[in-house]
Amino acid sequence: MDTTNLFRLDGRVALVTGGSRGIGRMIATGFVAQGAKVYVSSRKPEACEETAAALGANCIALPHDIATVEGCRALAADLAGREQRLDILVNNAGAAWGEDFDTFPESGWDKVMNLNVKSPFFLTQALHDLLRAGAAAGRPAKVINITSIDGQRVNPWETYSYQASKAALIHLTRRMAARLIRDHIVVSSLAPGAFPSDMNKAARDHGDGVARRIPAGRIGVDEDMAGAAIYLASRAGDYVVGETLTVDGGLVNASLGGSIDG
C-alpha cells in the first residue's frame with residue numbers, strides 16, 4: 001500500500017461555488033495546494049477575479065449567479081465550453097435569513113431554500129455529463145455538498161429556512177449518492193461548525209466567546225476546512241459515500257450542552 005499521494009489532486013478539475021470567500025475560498029485554496037485546477041464561481045465577478053489572482057494560475061474565475069435553475073445551467077454550459085470533464089464539484093454557495101417567527105417572510109424562505117437546496121440539485125444535474133466524463137470505477141468523480149451543523153441540531157437563532165435547508169441538503173446528499181454512485185460519482189457532504197465568515201458573523205467577530213462553548217476550545221481555521229474537503233475529494237475519500245462529515249470541534253457529537261450559531 002502506497003499512501004504517498006493519497007491526498008493529492010494533481011490533474012483534477014474542480015468547481016467550487018461560492019468559492020470567492022469564506023468556506024468556499026478555504027476549500028479552493030486547499031485544492032489548488034494539492035495540485036487541482038480550480039474554478040471559483042460566485043455572483044460577484046470582482047470577488048472571483050480577486051480570489052483567482054490570489055490563488056495563482058491554477059485558479060480560474062467563473063462568475064455566475066446560480067440562484068435559479070437557468071443560472072445553474074448557464075454555469076454548467078460555461079464550464080463545458082472550457083473543460084471536457086469535471087472531477088470535483090463543491091456545492092458551497094448558500095444564503096441565510098434570520099427573523100422573528102411572527103414576521104418571517106416568504107421571500108426569506110424562498111431565497112434560502114432555492115439557493116441552499118434547489119441549486120445544488122440542479123447544478124449537479126446540469127453537470128452530470130461532465131462529472132460522468134471525469135468518473136471511473138478506480139477514480140470516481142466527487143460531489144461535495146456544504147451543509148451545516150444547523151441541519152443536525154437546533155441553534156438559538158430564528159433562522160428557520162436556513163436550518164430547514166441544511167437538514168434537507170443532508171438528506172438530499174444521501175439520495176443523490178444512492179443514484180450517482182452507479183455512474184462512479186461519489187456524493188458526500190461537509191457540515192461546518194463555527195468558521196469565521198460573512199455568513200457566520202458570530203465566529204468572525206466574537207471568536208473567543210464562541211470558542212468557549214466548543215469542546216475543542218477554538219473556532220475552525222482554514223486548514224480544518226481545507227483538510228476535510230481534500231480528504232473527501234481525494235483518493236482517501238473514495239469509499240465514503242453519502243456521508244456527512246461534521247467539522248465543528250465536537251459541538252454536535254461531543255458537547256455536554258449549549259449551542260452556538262454555526
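Buried residues are those under 20% relative accessible area, exposed residues those over 50%, and partly exposed residues those in between, with a 1.4 Å probe and protein chains only. The model is predicted, so local features are taken only at pLDDT of at least 70 and side-chain atom pairs only at pLDDT 80 or more, while totals for chains, interfaces and linings use all residues. Residues are numbered from 1 along each chain as its sequence is written, and side-chain values use heavy atoms, leaving out hydrogens and water. Helices (H or I, at least four residues) and strands (E, at least two) are DSSP runs, numbered from the N terminus.

By the first of these terms, Gly193 counts as buried, at 6% relative accessibility. Gly193 is found in the loop between β6 and α7 (201-205). Along the sequence, 54 residues separate Gly193 from Val247, yet the C-alpha atoms of the pair are 6.0 Å apart in space.

A second glycine, Gly242, sits in the loop between α9 (222-233) and β7 (244-247). Gly242 is likewise buried, with a relative accessible area of 13%. Contact means heavy atoms within 4.5 Å; leaving aside residues up to four places away in sequence, Gly242 touches Thr173, Arg174, Ala177, Val187 and Ser188. With Ala177, which is 65 residues away along the chain, the C-alpha separation is 5.1 Å.

Two further residues are partly exposed. Thr3, in the segment before β1, has a relative accessibility of 44%. Its C-alpha lies 8.9 Å from that of Ala236, although the two are 233 residues apart in sequence. His184 belongs to the loop between α6 (160-180) and β6 (185-192) and has a relative accessibility of 34%. Most residues other than glycine have a negative phi. His184, in contrast, has a positive phi, near 60°.

Turning to the helices, the expected span is 1.5 Å times one less than the number of residues. Helix α1 (residues 22-33) has twelve residues and reaches 17 Å from its first C-alpha to its last, close to the expected 16 Å. The buried residues in α1 include Ile23, Met26, Ile27 and Phe31. After α1 comes Gly35, whose phi is positive, near 100°.

Helix α3 (residues 69-80) also has twelve residues, and its end C-alpha atoms are 16 Å apart, in agreement with the 16 Å that it should span. Val69, Gly71, Cys72, Leu75, Ala76 and Leu79 are the buried residues of α3. Seen down the helix axis, these buried residues fall within an arc of 165°, so they line one face of α3; the arc is that of the directions from the helix axis to the C-beta atoms. The face turned away from this buried side carries the exposed residues Glu70 and Ala77.

What do the buried residues of α3 pack against? Their partners are β1 (13-17), β2 (37-41), α4 (106-126) and α5 (128-133). With α4, the packing angle is about 35° and the axes are 9 Å apart. Axes are lines fitted to C-alpha atoms, for helices over the stretch in contact, and angles run from 0 to 180 degrees between N-to-C directions. The crossing of α3 and α4 is right-handed, meaning that the near helix is turned clockwise from the far one by less than a right angle. From α3, Val69, Cys72, Arg73, Leu75 and Ala76 meet Lys118, Ser119, Phe122, Leu123, Gln125 and Ala126 in α4. By class, this contact has seven nonpolar, two polar and two charged residues. Here Ala, Val, Leu, Ile, Met, Phe, Trp, Tyr, Cys and Pro count as nonpolar, Asp, Glu, Lys and Arg as charged, and the others, Gly among them, as polar.
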